[in-house]
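Visitor: Could you walk me through this model?

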Amino acid sequence: MLACTRPNAPSYIIGIIAEGPFYNFKKMFQNHVHDSKGIAFPVDLFMTMYFKKYAHVDMIKESPYNCAPLLDRPILIFQSKNDKFAIPKQTKIVYDRIKSKDKKIIYVEDSTHSHIMYFYRDLYRSEERRVGK
């Protein structure tokens, strides 16, 4: 999603398919740590600094939440209702902020974060053909 909001995004990318887009990197990391019963602070602070220094990504400024209003390409989002890392309520907030009028979100029941294509291959394949058409 982030790459397609950049001014130099390739024009040949006609649409985006996202699985469980998260609200922002920091929040997603906190959800990961919380799920594993770990301690998020100060690790989330170090992750924010690490991404900024080495990946040149501001985890808050360049989050899906903040980039969504810039996204004008067709987008299809698959979201698991059981996703513990990209919380469905947060994904819906990001979805509502997406600028593109050509957008769709599909919720699935029996999957986890980033496994939707594996568990719902037929649905995934049939829907992906419609992106950008």
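Guide: What follows covers one helix, its ring pairs, the cysteines and the salt bridges.

Guide: This is a predicted model, where local features need pLDDT of at least 70 and side-chain atom pairs count only at pLDDT 80 or more, while totals for chains, interfaces and linings use all residues. Residues are numbered from 1 along each chain as its sequence is written, and side-chain values use heavy atoms, with hydrogens and water left out.

Visitor: Start with H2. How many residues does H2 have, and how far does it reach?

Guide: H2 has 13 residues and spans 17 Å from its first C-alpha to its last, close to the 18 Å expected at 1.5 Å a residue. The expected span is 1.5 Å times one less than the number of residues in the helix. H2 covers residues 43-55. Helices (H or I, at least four residues) and strands (E, at least two) are DSSP runs, numbered from the N terminus.

Visitor: Which residue follows H2, and is its phi positive or negative?

Guide: His56 follows H2, and its phi is positive, near 60°. His56 is not a glycine. Most residues other than glycine have a negative phi.

Visitor: Where is His56 placed? And is His56 buried or exposed?

Guide: His56 lies in the loop between H2 and helix H3 (64-67). His56 counts as exposed because its relative accessibility is 65%. The cut-offs are under 20% relative accessible area for buried, over 50% for exposed, and partly exposed in between (1.4 Å probe, protein chains only).

Visitor: Back to the helix. Which residues make the nonpolar surface patch?

Guide: Leu45, Phe46 and Met49 make a nonpolar surface patch of about 300 Å². Patch residues have over 30% relative accessible area and no salt bridge; like charges are joined within 9 Å, and nonpolar side chains (Val, Leu, Ile, Met, Phe, Trp, Tyr) within 5 Å. The areas come from the Shrake-Rupley method with a 1.4 Å probe, and for residues only the protein chains shown count as cover. Met49 is in H2 and is partly exposed, at 46% relative accessibility.

Visitor: How many aromatic pairs are there?

Guide: The count comes to 4 aromatic pairs. Rings of Phe, Tyr and Trp (its six-membered ring) pair if their centres lie within 6.5 Å; planes under 30 degrees apart count as stacked, over 60 as edge-to-face and the rest as tilted. One of the pairs is Tyr50 with Phe51, which is edge-to-face at 6.5 Å centre to centre and 75° between the planes. Tyr50 and Tyr54 have ring centres 4.9 Å apart and planes at 45°, so that pair is tilted.

Visitor: Why are Tyr50 and Tyr54 separated by about one helical turn?

Guide: Because they are 4 residues apart in H2. An α-helix has 3.6 residues a turn, so residues three or four places apart point the same way. Ring pairs link Tyr50, Phe51 and Tyr54 into a cluster. Tyr50 is partly exposed at 47%, Phe51 is partly exposed at 25%, and Tyr54 is exposed at 52%.

Visitor: Different topic. How many disulfides are found?

Guide: The search of the whole structure finds 0 disulfides, a disulfide being a pair of cysteine sulfur atoms within 2.5 Å. For Cys4, the nearest cysteine sulfur is that of Cys67, 11 Å away.

Visitor: Are those two cysteines buried or exposed?

Guide: Cys4 is buried, with a relative accessible area of 9%. Cys67 is also buried, at 7%.

Visitor: And salt bridges, how many?

Guide: The whole structure has 7 salt bridges. Each is a side-chain nitrogen of Lys or Arg within 4 Å of a carboxyl oxygen of Asp or Glu. One of them joins Glu62 and Arg6 at 2.8 Å, N to O. This pair links distant parts of the chain, 56 residues apart: Glu62 is in the loop between H2 and H3, and Arg6 is in the segment before strand S1 (16-19).

Visitor: Is Glu62 buried or exposed?

Guide: Glu62 is buried, at 15% relative accessibility, whereas Arg6 is partly exposed at 33%.

Visitor: Which others can you list?

Guide: Asp58 and Lys52 meet in a salt bridge at 3.4 Å, N to O. Glu109 and Lys81 meet in another at 2.9 Å, N to O. Glu109 sits in the loop between strand S3 (103-108) and helix H5 (116-119), and Lys81 in the loop between strand S2 (75-80) and helix H4 (88-97), 28 residues apart. Lys104, Glu127 and Arg130 are linked in a network of salt bridges.
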